[in-house]
There are 6 protein chains.
Amino acid sequence: MVEGLRALFVGRFQPLHLGHLHVLSWCLEFADEVVVVVGSAQESYTLRNPFTVSERLEMIRCSLAEAGLPLDRFRVVPLQDINMNPVWPRYLEVMVPRFHVVVTGNRLVAELFRDYGYPVVEPPFYRRGECSGTRIRELMVRGDDSWRLLVPRCVASYIDRIGGVGRLRRLWGGGRA
Amino acid sequence: MVEGLRALFVGRFQPLHLGHLHVLSWCLEFADEVVVVVGSAQESYTLRNPFTVSERLEMIRCSLAEAGLPLDRFRVVPLQDINMNPVWPRYLEVMVPRFHVVVTGNRLVAELFRDYGYPVVEPPFYRRGECSGTRIRELMVRGDDSWRLLVPRCVASYIDRIGGVGRLRRLWGGGRA
Amino acid sequence: MVEGLRALFVGRFQPLHLGHLHVLSWCLEFADEVVVVVGSAQESYTLRNPFTVSERLEMIRCSLAEAGLPLDRFRVVPLQDINMNPVWPRYLEVMVPRFHVVVTGNRLVAELFRDYGYPVVEPPFYRRGECSGTRIRELMVRGDDSWRLLVPRCVASYIDRIGGVGRLRRLWGGGRA
Amino acid sequence: MVEGLRALFVGRFQPLHLGHLHVLSWCLEFADEVVVVVGSAQESYTLRNPFTVSERLEMIRCSLAEAGLPLDRFRVVPLQDINMNPVWPRYLEVMVPRFHVVVTGNRLVAELFRDYGYPVVEPPFYRRGECSGTRIRELMVRGDDSWRLLVPRCVASYIDRIGGVGRLRRLWGGGRA
Amino acid sequence: MVEGLRALFVGRFQPLHLGHLHVLSWCLEFADEVVVVVGSAQESYTLRNPFTVSERLEMIRCSLAEAGLPLDRFRVVPLQDINMNPVWPRYLEVMVPRFHVVVTGNRLVAELFRDYGYPVVEPPFYRRGECSGTRIRELMVRGDDSWRLLVPRCVASYIDRIGGVGRLRRLWGGGRA
Amino acid sequence: MVEGLRALFVGRFQPLHLGHLHVLSWCLEFADEVVVVVGSAQESYTLRNPFTVSERLEMIRCSLAEAGLPLDRFRVVPLQDINMNPVWPRYLEVMVPRFHVVVTGNRLVAELFRDYGYPVVEPPFYRRGECSGTRIRELMVRGDDSWRLLVPRCVASYIDRIGGVGRLRRLWGGGRA
């Protein structure tokens, strides 16, 4: 671990899954602190972004605690999109705590930060293909309970408590209520 | 009819069709007044939203009059979208006259208002499948005149007067003018 | 009255006062219909714009009824500001029912519509100086009840019912709650 | 302290001062967790809002640590303004972790949350008049070093490190660079 | 050439190709000056809009010079989108130098300006089908170098210099960096 | 003159005056090209920003020509404001042609670009105090014709042609048209 080094990790956490948690934990190997940006903060109640920021912040909090990760080494910041791609890295510099390295598996994010001058690191995959937000939302919509195995236990019970699967399935139903 | 009860009905009216009119009339059976929100007010001159708010307001006005419905029991309010779904019901509370019950066949609208605490009623269908904005716009694009049977008479002649079918067909034509 | 002629009247109605009502009634002398735009729709809970659109729509409705004016000759449309002045008249053309003449005592509105090509008419004053939103809000803040004489009776009781004077006075109080 | 109770505290922290710290610490007496909203997140490099969110987040972090307050009982969330006052409480519900009580000395915030249905508590003053962002910025502009006595020690040295006083004084200088 | 006549040409120039250059040159046959609007100015680093405005302005400048066209008869203005179609022609009147004729092959642009009252001219095609931004970006993504034959020489070398093809291919790669 | 060096000059040009022209000409002494940004592009028809971008672009064009300055060494770009100060220099990098040095007498612009890493040069004054947009607009409002001596001749006659003084005076008149 490099003292004082801060890693930036950007995700939408729709929902937070074991892959996210794996990356967050992996960041602590080299970074002193991790700035976790909850992106597309303005989005929710859609098939692609079913959960609100408020809900996603709860998922992150309980997952870090459940995994025994040190809460005080994570700085979680929700962030609304701005629609001007190459301005985005600068927008982050202004809106989140200072960071030195960008950890991302997203091509656009990688491209934008490299062109802007930051080192970009691709995180190791964790159960590639399985642990993806898209796949988890598909399982939920299909009524396949195996999504529960892909998220931290506290996330599964939080989603139950807020009726998240029902919400997603109703949204998916299409035009009629 | 419950005295003082106000129903909210949200539609895009692209264009207003007999299904809309049927619901508006049905609302009067239980509601004293109907708050009619003309949604996506900022959209027009697209395949999905060909008509301006100005034009849609004329369609609503003439249809209510032609059907002999009492104009003074309808409160028509155009409304621009805000892109933050769970905030939307509160936005409506601030931007339209007070209402007590939400009448909608749209799944997202139903989900948002139920979670926010309003009773949501699904209106009866009128010639299901036929009377839908999507289908009417398709007929127009194809040059099939049977769309005229699915809208109030005054709407058909208003669309003729503003050259609405030609507009839609030209927009549909794709890249070249 | 010129058949088919429509007048546009734009106001913020913070709150609706006897001057507004006088102009609205005066418009009916020459216009068949009056398009009443409730401007700065997004503003409320400020000293300059204490009332929401929802509340302002109620004031307009009850005032027209109380004055015995024909509801069906008024088309009331709330409208959010866009911050690009010379584009504004075009924005209105798209967002409100068609109109032919602009009735306004506001210099900017007059300038914009004249430059855009509409005839602009200045309405007669009614108890000039007294009947102004600014003055009425000042009286409210000072706790001077004479504002009641400057608005329609139903507006005064509506403002009482929603606790409007208290709201304005609390907002005016400054930094501490 | 009420188990599970969460207090909401909204501030701009321009800069964080001893009054803020006093309130944050006072909240822990009755609340289990404090949701700290850093408002007007989009503003910086102005006389009224000299510091960026990134900088304000550092001030909050170091102050909580320096005061020995438990970091894990604070949930800090920056938030951009939306310009539609009565929609604001709902926007917060969606964008920050759930809360039950609102702690604020700001009249508008108090009015909005009371009308929306939350209990609102006015925090005790700490060195009233002295400990205010406005006053601290005035001292900085005047070159009066006594502002250092009104902020936590780590905030003073952080502002030194980023050259905050120079920035403010240059901005204040007016039109010429 | 009609003295004093100004033509408006709107394009996204993603990238500028020989078809654009052909139209710009053709405009000079009848127009004194050409107002060149670089549309969707806010977009870049996407598959459909890979280049920034800054980059597109360089392409236009060097192409006009390389083709020996008179720089002083072109007025190049980048313009961000506004999302209200029939307001768009008015927005252009306010934001770009005065123009009299609209040259466009885009159906929506043609429809909007005709309805607003401008004469609209469809430009002659140049190597139809080949010279299109969509096709050029597809060739780039596929690694097919023949795109170089469809753009001015200086544009090809500018795109090389800024690594434009690599950027596009990386963006196209999908989710992982 | 340094070959290839580009200077950035930002102004609102409300209206363009001899001071602006003096700076633009002075830039050519050391810069190969000057990127002229017409700021606050969205503003017009206000006391502080009476002229549209379209009008300001005409003023710049005719002034450069009248002064015999080489048109092809100036790159004029209108730009709408974004309200996030430290993001602004990055926004310019994306939206205007590349530049190396910033020429400005505005303190905020200087502060933002210095912090972002650009060299900032303060231009020499030209008839300090007299040649300022604020002063010229004041003279116009007062009906004092001496403003004509402070702008290029072609700007004075352009303002006459569009009735600019009348517009400003009517806007200044206050509430009634």
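Between them, chain B and chain D bury about 820 Å² in this predicted model, and 79% of that area lies on carbon and sulfur atoms. On the chain B side, the residues that lose the most area to chain D are Met84(B), Val87(B) and Arg90(B). Together these three account for 50% of what that side buries.

The contact itself draws eight residues from chain B and eight residues from chain D. Polar interactions may be considered next. The rule finds three residue pairs in polar contact across the interface of chain B and chain D, with both residues of each pair at pLDDT 80 or more. Salt bridges, by contrast, number zero across the interface of these two chains.

The side of chain B that touches chain D receives the most from helix H3 of chain B, residues 88-95, which gives four residues. By character, the residues of this side of chain B divide into seven nonpolar and one charged, with no polar residue.

A further relation links chain A and chain D. A turn of 180 degrees, with a shift of 0.0 Å along the axis, lays chain A on chain D with an RMSD of 0.0 Å. That is the relation of a two-fold axis. Within chain A, Val77(A) has the C-alpha nearest this axis, at 3.1 Å from it.

The interface residues of these two copies can also be compared. Of the interface residues of chain A, 100% are also interface residues in chain D, so the copies meet through the same surface.

Key
Residues are numbered from 1 along each chain as its sequence is written. Chains are lettered from A and ligands numbered from 1 in the order in which they are written. This is a predicted model: local features need pLDDT of at least 70, side-chain atom pairs count only at pLDDT 80 or more; totals for chains, interfaces and linings use all residues. Side-chain values use heavy atoms; hydrogens and water are left out. Contact means heavy atoms within 4.5 Å. Buried area is the accessible area (1.4 Å probe) that two parts lose on being put together, summed over both. A salt bridge is a side-chain nitrogen of Lys or Arg within 4 Å of a carboxyl oxygen of Asp or Glu. A polar contact is a pair of N or O atoms within 3.5 Å; within protein, one must be able to donate a hydrogen and the other to accept it, and residues adjacent in sequence count only if both atoms are side-chain atoms. Helices (H or I, at least four residues) and strands (E, at least two) are DSSP runs, numbered from the N terminus. Ala, Val, Leu, Ile, Met, Phe, Trp, Tyr, Cys and Pro count as nonpolar, Asp, Glu, Lys and Arg as charged, and the others, Gly among them, as polar. Copies are superposed by least squares on the C-alpha atoms of residues with pLDDT of at least 70 in both.
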